[in-house]
2 protein chains.
Amino acid sequence: MLRNRGDVSATTRARVLEAAKRLGYVPNKIAGALASQRVNLVAVIIPSLSNMVFPEVLTGISRTLEETELQPVVGVTDYQPEKEEKVLYEMLSWRPSGVIVAGLEHSDAARAMLAAAGIPVVEIMDTDGTPIDAAVGISHRRAGREMGQAILASGYRRIGFMGTRLGLDHRARKRFEGFTEALAKGGVEIEDREFYTDGSALAKGREMTKAMMERSPELDFLYYSNDMIGAGGLLWLQEQGYDVPNRIGLAGFNDVRLLQGLPTKLATMDSCRQEIGSRAAEIILGRLDTDEAPGNKVELTPRINPGDTLRAP
Amino acid sequence: MLRNRGDVSATTRARVLEAAKRLGYVPNKIAGALASQRVNLVAVIIPSLSNMVFPEVLTGISRTLEETELQPVVGVTDYQPEKEEKVLYEMLSWRPSGVIVAGLEHSDAARAMLAAAGIPVVEIMDTDGTPIDAAVGISHRRAGREMGQAILASGYRRIGFMGTRLGLDHRARKRFEGFTEALAKGGVEIEDREFYTDGSALAKGREMTKAMMERSPELDFLYYSNDMIGAGGLLWLQEQGYDVPNRIGLAGFNDVRLLQGLPTKLATMDSCRQEIGSRAAEIILGRLDTDEAPGNKVELTPRINPGDTLRAP
DNA sequence: CTGAAAGCGCTAACAA
DNA sequence: TTGTTAGCGCTTTCAG
């Protein structure tokens, strides 16, 4: 079907192809890919789509890839290493031109696959660790540390922490570690903590904050592992008539633009999501075009945005 | 490489394959797909990932596909027909086992491709129109109409509308049409309207609401084309001291669980996103397994959730 | 049952 | 230039 057999002229052939397109004909990329050994796909592996952070990273990737022949294909791991392994296996079996994968923590099998794939691999979001190939991200440990320092500098001393259960989300864990480290340097320890697994983050933030303030009314600062639960907490505290940021201060993480429009701006820290995405895509592109050296690690530096919930030092 | 040549025993071969896996070996699905003429991929084509609604549809699709051999692959169109055509072309060229595509409105070329693909095609989210093959969704026209009726029944009469620019988002347009139709039946006309294109929805809702209330202070109800801008408006009105829902009522659309946790619940309507996703996936599966008849149209019925911003009739 | 061989629909290298 | 042909790495079929 649609072979260019016999002595058909170029114009005729072009006409045929055009007609074919009109009829909804689509070439078979599988055969093409097998023959040419090239697949213009970039595998993008992320933990979740409902976290808002990851769609934004994807946006950054798409934007830079848009003008090229490469296309992102996303796989979701739900923060589960086994699922990451499976998704990675599936995607690599399609022989993509590159891989962008969230995080530096992977199973041995996953690392083996990535190392053996013979394609550029960019690990994103995190730089606290040793990348397989290249990495673009921020140091979450440092982010947590800097927020801890800022909080102490503002004079808060009785600090509570709320976040996701720290087992699977390595970046949240690293922020927490950096945070406690900074507090420890100032002779301060976290006085209360609360974790959640799922549900509407805004509602969870509200519930957890209520529970914590009832349990530990002496707290004067709440550090949240993300902005959504922070916003939930903020709304609850304001309803209760707390003086924010004087009686109690708050901070989150991510600087999600979704929340712009809330009456009070939560203190937060930009996690550079779009830039991470575009930088990662650029690395893949650079590696494909030229013989650029592998193994670069790009650490972006997030800044604290004090908003209205962290009083001036 | 890794040919099963010569007289290697089955056990040896198995051992070799296992070792290969340990080393990160991954089979080539391209060759496999070409040989078997089967690709266990389902193309999912949606307008956006930042809308929250679509990730939820994806969740529904993933959940039902998870236990099968099929895998979703998503493509994003940014609400642009040309981009939809391109994405569709790219995805179809990989010969997926089925297509799930948002909306019933497509370019002629896109329809031709889908019709010619010879695979199950499920159009989702919308049932106001004629599907190419199968469809699962809600009637947005009816949704708008029912909200209009509920608003009139509650005694509101001076109504304003806010939403996205209605050109490309057909479903928002249909809701608007159904809404105005219902109002017209009650002898009421929309008194003011405002549209936005992009930006943080919460912030936009706040801004638009402020602008509209300053321009048309007589309004006693605001209908928003989605919950996020509605929530922004709600926050602004409460800050200004408006009595909601007595002085002014509000309603949005989608019933996003993201907003659970706001002090006041916005009146809204469930858009059945997860169910739409899972039903669509089930249709694909059913068509592949058995010789199920094509062309079914499933209309789900959303219900009004009055929350705290629509007073009782 | 095991093992060899014939393609799948293209691309790329080569021949004319 | 233009047309022909040999694979790409698997699956499937068909002989042994």
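Which side-chain atom of A:Gln37 is 2.9 Å from a sugar or linking oxygen of DNA strand D? An N or O atom of that side chain is the partner, and the views below start from there. This is a predicted model, in which local features need pLDDT of at least 70, side-chain atom pairs count only at pLDDT 80 or more, and totals for chains, interfaces and linings use all residues. Residues are numbered from 1 along each chain as its sequence is written, chains are lettered from A and ligands numbered from 1 in the order in which they are written, and side-chain values use heavy atoms, with hydrogens and water left out.

**View 1. The protein surroundings of DNA strand D.** Twelve residues surround this strand, and the closest are A:Ala35, A:Gln37, B:Tyr25, B:Ala31 and B:Ala35. A residue is near the strand if one of its heavy atoms lies within 4 Å of it. By class, this surface has five nonpolar, five polar and two charged residues. Here Ala, Val, Leu, Ile, Met, Phe, Trp, Tyr, Cys and Pro count as nonpolar, Asp, Glu, Lys and Arg as charged, and the others, Gly among them, as polar. Of the strand D atoms within 4 Å of the protein, 74% belong to sugar or phosphate and the rest to bases.

**View 2. Backbone atoms beside the bases.** A polar backbone atom of A:Ala35 is 3.1 Å from a base oxygen of DNA strand D. On the other chain, a base nitrogen of strand D lies 3.1 Å from a backbone N or O atom of B:Ala31. Helix H2 (29-36) of chain A and helix H2 (29-36) of chain B are the elements giving two or more residues to the surface near DNA strand D. Helices are DSSP runs (H or I, at least four residues), numbered from the N terminus. H2(B) gives the most to this surface, with four residues.

**View 3. Where chain A meets chain B.** The contact (heavy atoms within 4.5 Å) takes 48 residues from chain A and 48 residues from chain B. Together the chains bury about 4500 Å², 65% of it on carbon and sulfur atoms; buried area is the accessible area (1.4 Å probe) that two parts lose on being put together, summed over both.

**View 4. A salt bridge between the chains.** A:Glu90 forms a salt bridge with B:Lys29, their closest N and O atoms being 2.6 Å apart. The rule (a side-chain nitrogen of Lys or Arg within 4 Å of a carboxyl oxygen of Asp or Glu) finds four salt bridges across this interface. H2(A) gives the most to the side of chain A that touches chain B, with five residues.

Conventions:
Polar contact = N/O pair within 3.5 Å; in protein donor to acceptor, adjacent residues only side chain to side chain.
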